[in-house]
Amino acid sequence: MEENNGNNKNKENLKSRFNRLIKKSYELPLWKWLIVCFVLSVLEVVLLEVLGRRSLFTPFVFIFHNPFVFLYNILIIYTTLTFALLFKRRGFVIGLILLLWLGVGTINFVLLGYRITPFSAIDFLMFSDVLSMFNIYFNFPQRVAIIVGVIAFIIIIVIAFLKIPKIKGKVNYARGLIVFSICLILTFTTTFVALESSLISDKFTNLGTAYKNYGFVYCFSNSVIDQGIGKPDNYSKTIIDSYCRTATENGKQVSKLATYKYKNGRKIMPHIIAIQLESFIDISRVKGIHTDKNSIPNFSKFRDEYPSGYLTVPAIGAGTANTEFEILTGMKSKLFGAGEYPYKTILTEVPCESMAQILLRYGYGTHAIHNNKAKFYSRDISYANLGFETFTSLEYMLNFEKTQTGWAKDNCLPNEILNAIDYDDKSDFVFTISVQGHGRYPKTELKTKEYVHVTLDSGDPELTYQFGYFVNQCYEMDMMIGDLKQKLDARGEPYVLLLYGDHIPSLTFEEDQFELGDETQTEYVIISNFYTGLKDMDMYSYEMSDYLLRGLGIVPGVMQDIHYLYNNDTDIAENETFNKAVSELQYDMLYGDHYVYDYVEPYQKTDIRLGLIDIEITDVEYNESTGSIVVRGNNFTAFSNILLNDTRVNTTYIDDHTIMIVPTEVEKPPEAGDVFVVAQIDKDKHELSRTAEFVYNGE
């Protein structure tokens, strides 16, 4: 008993001493608070680098090789901590700032387990998209752990706010503000000097490499501040006029090699179909990975028979929308902020020159197709500003299968593409984004059909399962493009089919593991059923629109004319004059005074239609025997939801002609005058479109 009493007294004494120490710390002079903030900043930066590099040792290699950059990252954290000197709850604010930094570092750690691209500020705009993929990327225990972690994070903040005492006496706001201001000025001055001396960079060619070279704190902070395209130093009407005059005078030349057919004296323009294949690559390019047969036989055959080459893309392992942006517009996504997706920012507001806008003026019908949700990367909005007349997303597709990881398979795309071509009597531009090859790739064996057997030199079982799954998805995607080509050939109409991968998959590749090309390159092929005169050529994704349109004899836009002006350069990406011209014109067209529209008619946002086929209600029945309400009509999909008197009701999908409200959801029989509407609702409960109203007549 005495021993227990002694232990209790020791515990009480220890607790008492700890409490006295905490309270005493609040009586520290300012200079000691500054030392505490510095020590905490050092520890925080080291911890964030451990999380960001997913290693206990490589952060110290970074510190040893880049001591200035390491200290610069400490300065950024230190500056944020000195903000706490302006508060009476100084300890709480310091802890909160440290927790927030640790929070974004932890998110980065988790994301890097599923993709190659680190966490950046733009991901906050992608939050709703991330939630929609929550079940795909995380299993049930992981989802529970994340939710528990978030709740614990909130609880810690609340308890800290209640328990951590305030400092004694009055806060010297003047001294605190002076210290914080000095740190801010020092941070901005150091940033300027470091940029000018090339110790750091604010132009991230590769986001993952930038985080490794310059540290998590700086790169993430830069992504918060750096958005859009900054106004170029010499931007003026005179500069834009000079570029536009030179480019348009030289840019009207187009190829005359294509052998088109004529009807009634008019050239029959081909349908132009582009398919961006998710994570699609030829795995034989990679050392140490072996297959028992060709994993993409159709693409390989087309590559040998038609114009093809390597395509250098702006993304590695993720960032589909930025490759898409460059292909369509001829613009460079790297001119935007770190990790920024123009689809989520400026293209939700401003019409932009693109292949769709150009071909629309050329008399083409313009259609976009994606077997994923319409709002992913805000495509339902940005596609209208890019000039698409219709957009068929997964919510409007009648028939599709899913992979074992939850993504729609691409075998639904050929019919959707043909439907788009048949939508009107025009020649059509059909831009298609596939999704089947998307990660996350399972680390355990799934019961899926194995077309191709994959082995790794490393013998790593988890990587073997991941690569095996990925390669077999590519095989099925390859079957899809073979099927599409057969169907296009059978139609007998002239067509051009551009196929390319958006980026390499988000899988673990060692440095220099790519034997052919590199990690920034995918491949493309341009198939046609007539002679185009196009040749094999390696290119950047932003060069494709000029290469394709001009090669087909179609006069392109201003951005393409700039490419044409510099296309004799050995490496256009290294040409400073070209890069300056592109930067000036992108800024003018998207953010500036639109001087470019003195040379081309301003582009307009289209009144985009979601889905090609009208969804309609033809009848509503109340089944007295079952107590259900049956809605009949045409072209319903699994995303069709019934609205009764403008209130959403849980809906059961039967087939494309029948959906119903089951008895357990029916509160009372419908009455004469009740209004029924069917709306397309995505997984996140966003309404995309709705049918005309159907008034129930009571029969």
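Colleague: Is Glu49 buried or exposed?

Modeller: This is a predicted model, in which local features need pLDDT of at least 70 and side-chain atom pairs count only at pLDDT 80 or more, while totals for chains, interfaces and linings use all residues. Residues are numbered from 1 along each chain as its sequence is written, and side-chain values use heavy atoms, with hydrogens and water left out. Buried means under 20% relative accessible area, exposed over 50%, and partly exposed in between, with a 1.4 Å probe and protein chains only. Because its relative accessible area is 3%, Glu49 is buried.

Colleague: With which residue does Glu49 form a salt bridge?

Modeller: A salt bridge is a side-chain nitrogen of Lys or Arg within 4 Å of a carboxyl oxygen of Asp or Glu. The partner lies 4 residues from Glu49 in helix H2 (residues 30-53), so about one helical turn separates the two; helices (H or I, at least four residues) and strands (E, at least two) are DSSP runs, numbered from the N terminus. The closest N and O atoms are 2.7 Å apart, and the partner of Glu49 is Arg53.

Colleague: Which helix holds both Asp483 and Lys487?

Modeller: Asp483 and Lys487 form a salt bridge, their closest N and O atoms being 3.4 Å apart. Asp483 is partly exposed at 28% relative accessibility, and Lys487 is partly exposed with a relative accessible area of 28%. The two residues are 4 apart, about one turn, in helix H19 (residues 461-491).

Colleague: How many residues does the helix that gives the most to the largest nonpolar core contribute?

Modeller: A nonpolar core is a set of buried Ala, Val, Leu, Ile, Met, Phe, Trp, Tyr and Cys residues joined through side-chain atoms within 4.5 Å. In the largest one, of 95 residues, Tyr383, Phe388, Phe429, Phe431, Met544 and Leu548 touch the most other members. Helix H22 (residues 576-590) gives the most to this core, and its contribution is 7 residues.

Colleague: Which residues is Val662 in contact with, leaving aside neighbours within four places in sequence?

Modeller: Val662 lies in the loop between strand E19 (658-661) and strand E20 (675-681). At 22% relative accessibility, Val662 is partly exposed. Contact means heavy atoms within 4.5 Å. Leaving aside those neighbours, the contacts of Val662 are Ser628 and Thr652.
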